[in-house]
Amino acid sequence: MQLELHQLQELLATLDQTNISELILKSEDFELTLRKGLIGGDRSLLSVSSSNGDLVAGPGTSSSPNGHSERDSASKGTGSNSGTAPVPPSKTPQINPKWVEIISPVVGIFYRAPSPDEPSFVQVGDRITVGQPVCIIEAMKVMNEIEAEVSGEIMEILVENGEPVEYNQPLMRVNPD
């Protein structure tokens, strides 16, 4: 099986549009492993093994003799650090357990306003009611208005305007009434 560069690019783009986290393709000539997600602060890991045992690692990775990328090893706490200082863990705000998350029902693009020249549906600190539109998610050129399923105060908006979102991804947190 021969895999051309444009086919690999199409495969990566398609994979990025799904919630599939790992894909392995094998043939007599090579093995392709794609893993999506954040690994050590970088994007995804791509490794291709040829039949002669060579490993080609994706951008931002280097291969080690054992066939694992150094990014893989670093994420498991082994391997060298390549001279860079460790990144301190980011401080996450305290999340009140009674807060309710508004989640994305579809994969698409998150928009805070009905159109670019109109104000946002909601801001942090706004009071919302059940059924009130809080954002739009564009999926396959269809604008899906997302309505609040709880009344309360918007405590956090977790996604930036124009960002892609996944199915079941939290969009906002609400302190319910």
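User: Leaving aside neighbours within four places in sequence, which residues is I128 in contact with?

Analyst: Bear in mind that this is a predicted model. Past that four-place window, I128 is in contact with I102, V122, V134, A148, V150, S151, G152, I154 and V174. Each of those counts because contact means heavy atoms within 4.5 Å.

User: What makes I128 part of a nonpolar core?

Analyst: A core of this kind is a set of buried nonpolar residues joined through side-chain atoms within 4.5 Å. The largest one has 19 residues, and I128 is listed with F110, V134, L171 and M172 as touching the most other members. Buried here means under 20% relative accessible area, so I128 has to fall below that cut-off to be a member.

User: Which elements give two or more residues to that core?

Analyst: Those are strand 8 (133-139), strand 10 (152-157) and strand 12 (170-176). Strand 8 supplies the largest share, 4 residues.

User: How do you know that strand 10 and strand 12 pair?

Analyst: Just count bridges. Pairing takes at least two, and 5 bridges join strand 10 to strand 12, so they qualify. The two run antiparallel. For one place to look, G152 has P176 in strand 12 as its bridge partner.

User: Why are strand 5 and strand 7 called edge strands?

Analyst: They belong to an open sheet of 4 strands, in the order 5-12-10-7 with antiparallel pairing. Strand 5 (100-103) and strand 7 (127-128) each pair on one side only, and that earns them the label.

User: What about the open sheet with the order 9-8-6-11: which strands stand at the edges?

Analyst: That sheet also has 4 strands and antiparallel pairing. Strand 9 (142-147) and strand 11 (164-165) stand at the edges; each has a single partner strand, so one side of each lacks a neighbour in the sheet.

User: What makes strand 6 and strand 11 a pair?

Analyst: Strand 6 (residues 108-111) is joined to strand 11 by 2 bridges, and they run antiparallel. The cut-off is at least two, so 2 is enough. You can spot G108 standing opposite V165 in strand 11.

User: Zooming out, how many helices and strands does the protein have, and what pattern do they follow?

Analyst: There are 2 helices and 12 strands. Along the sequence the pattern reads α-β-β-β-β-α-β-β-β-β-β-β-β-β.

User: And how much of the protein counts as buried?

Analyst: Of its 177 residues, 28% do. As for surface, the protein exposes about 11700 Å², with carbon and sulfur atoms supplying 53% of it.

Methods: Residues are numbered from 1 along each chain as its sequence is written. This is a predicted model: local features need pLDDT of at least 70, side-chain atom pairs count only at pLDDT 80 or more; totals for chains, interfaces and linings use all residues. Side-chain values use heavy atoms; hydrogens and water are left out. Buried means under 20% relative accessible area, exposed over 50%, partly exposed in between (1.4 Å probe, protein chains only). Accessible areas come from the Shrake-Rupley method with a 1.4 Å probe; for residues, only the protein chains shown count as cover.
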